[in-house]
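Hi,

Here's the structure I said I'd pass on. Have a look at it first, and my notes on what turned up are underneath.

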Amino acid sequence: MNVYKGQKWLVEERDACGVGFIADRSGKASHDIIVKALPALTCLEHRGGCSADRDSGDGAGLMTAIPWELVAQDLDILFSKIENLQVALGMVFLPPDEEKASAVRRVFESVLRAESLEIVGWRVVPVRPEVLGPVSRENQPQIEQIVVSSKELTGDELERSLYLARRTLGVALKKEGLVWGEDVYVVSFSCRTVTYKGMVRSAVLADFYTDLKNSAYKSSFAVFHRRFSTNTLPRWPLAQPMRLLGHNGEINTLLGNINWMIARQSHLKSQLWGDRLEVLK
């Protein structure tokens, strides 16, 4: 922020999140995009914050196209479905307690089947907890990916179905006594993009998620983000990028926005969502 005082401009530095974007202009996917994005993210370290242990970052992450070549090494996925955007990937933070994690998987699969989506399988995301700071490691979730496919839906229609499934999941989990954002969080769920993020420093992200150093991880773009937590405590789900974007700044009026939405949601109408609008409220 620049302030004019007397006859001089005074430059006052303010800490805030750092966000960046890198892409191949021709749209060609390669591991080189990831190789370039990771050090760029590290250059934003000064824009982020750390916990009292000086090692657990407020958050850092990367959003890219789904690296199907890498995922297919562990799961049997039809290439034709990938080409036609008939298959999707969910990145999920599960409870570290296996009994609770199993309950979440069971509820999630039930919700997906109700949306006429087929479960291809779950993939445990390879991570290295030993590189985390004490606070971050203490709060680390179990991190897994779920792959689903559709017989009929593609592209935007499949994205809408995935969105409805994610919204329905939150309600279904509440009935099981599980808390969204604490016991479980869907980091991303799309037929196009995936987000790798955590309560880590920039330099630690690729050391923690070994997928990011795998040459099979290819994308034509990457959105990267380093978080500085100001009005909320650092948590794994609050790291960015989010499911659609990474933004530089806090949303300070969240409760106000929620209340205004509740006040107006009785007027909500949409031809796209039809009678499913209640799920979105």
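Helix α4 (residues 98-114) lies across β5, β6, β7 and β8, at about 155° to β6. Helix α6 (residues 155-175) packs on that sheet too, touching β5, β7 and β8, and its direction makes about 165° with that of β8. Contact here means heavy atoms within 4.5 Å. Helices (H or I, at least four residues) and strands (E, at least two) are DSSP runs, numbered from the N terminus. For the angles, axes are lines fitted to C-alpha atoms, for helices over the stretch in contact, and the values run from 0 to 180 degrees between N-to-C directions.

Before going on: this is a predicted model, so local features need pLDDT of at least 70 and side-chain atom pairs count only at pLDDT 80 or more, while totals for chains, interfaces and linings use all residues. Residues are numbered from 1 along each chain as its sequence is written, and side-chain values use heavy atoms, with hydrogens and water left out.

The sheet under those helices is open, with four strands in the order β6-β7-β5-β8 and antiparallel pairing. Two strands pair if DSSP finds at least two bridges between them. β6 (118-124) and β8 (185-190) are the edges, each pairing on one side only. Neighbouring strands are turned by 20° against each other on average, direction ignored. Between β6 and β7 (residues 142-149) there are six bridges, and Trp122 has Ile146 in β7 as its bridge partner.

There's another open, antiparallel sheet of four strands, ordered β3-β10-β4-β9. Its edges are β3 (18-23) and β9 (193-198), and the average turn between neighbours is 10°, direction ignored. β3 pairs with β10 (residues 221-226) over six bridges, with Ala23 opposite Phe221. Helix α1 (residues 31-42) lies across β3, β4 (60-65) and β10, at about 15° to β10.

One for your docking side: what lines the second largest pocket? It has 19 lining residues, with Asn139, Pro141, Glu182, Trp236 and Pro237 nearest its centre. β5 (87-94) and α5 (134-138) are the elements giving two or more residues to that lining. By class it has twelve nonpolar, three polar and four charged residues (Ala, Val, Leu, Ile, Met, Phe, Trp, Tyr, Cys and Pro count as nonpolar, Asp, Glu, Lys and Arg as charged, the others, Gly among them, as polar). A pocket is an open set of points on a 1 Å grid over the protein atoms alone where a 1.4 Å probe fits, with protein on both sides within 12 Å along at least five of seven lines; lining residues have an atom within 4 Å of a point.

Cheers
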